[in-house]
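Visitor: I am new to this structure and would love a close look at a single part of it. Could you pick one helix and walk me through its surroundings?

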Amino acid sequence: MKNNIKFLRRSPEFDLTQQELAEELGISRSTINSIESGAVPSGYVMLKISRYFNRDIRYIFFEDTVVQIEQKGE
């Protein structure tokens with residue numbers, strides 16, 4: 001599953017390491033690394049991440065096919 005976690009984490013607004021984000025969320029750094037590499041997190045972890053970044057879950061987690069459809073305006 002594609003996601004924008006690394007982009008958000010490293011943005012000037014947050015500027016966090018994987019370890020810092022993991023500590024903020026109460027999960028392991030290896031979990032953050034796995035998610036950034038494409039692993040699909042549990043719904044609970046997805047919600048924690050979206051709440052932390054104050055972004056819609058659909059902005060953070062997406063499938064390529066969904067993004068393509070939205071860009072075409074279908």
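Guide: Here is a walk around helix α4 and the residues it meets. Please keep in mind that this is a predicted model. Helix α4 runs over residues 43-53, and its buried residues are Val45, Met46, Ile49, Ser50 and Phe53. These residues lie on the same side of α4, because they cover an arc of only 135 degrees around the axis. A general rule helps here: an α-helix has 3.6 residues a turn, so residues three or four places apart point the same way. Now look at the face of α4 turned away from the buried side, where you will find the exposed residues Tyr44 and Arg51.

What lies over the buried side? The cover includes the helices α1 (5-10), α2 (18-25), α3 (29-36) and α5 (57-60), along with the strand β2 (61-62). For a closer view, take Ile49: beyond its neighbours within four places in sequence, Ile49 is in contact with Ile5, Leu25, Ile35, Ile60 and Phe61.

Ile49 also belongs to the largest nonpolar core, a set of 15 residues. Ile49 is among those with the most contacts inside this core, together with Ile5, Leu21, Ile35, Phe53, Ile60 and Phe61. At least two residues of the core come from each of α1, α2, α3 and α4, and α4 gives the most, with 4 residues. In soluble globular proteins, nonpolar side chains tend to be buried together.

Finally, step just past the end of the helix: α4 is followed by Asn54, which has a positive phi, near 55 degrees.

Technical notes: Residues numbered from 1 in each chain as written. Predicted model: local features only at pLDDT ≥ 70, side-chain atom pairs only at ≥ 80, totals over all residues. Heavy atoms only, no water. Buried < 20%, exposed > 50% of the residue type's maximum accessible area, 1.4 Å probe, protein only. Arc of directions from axis to C-beta. Contact = heavy atoms within 4.5 Å. Core = buried A, V, L, I, M, F, W, Y, C linked by side-chain atoms within 4.5 Å.
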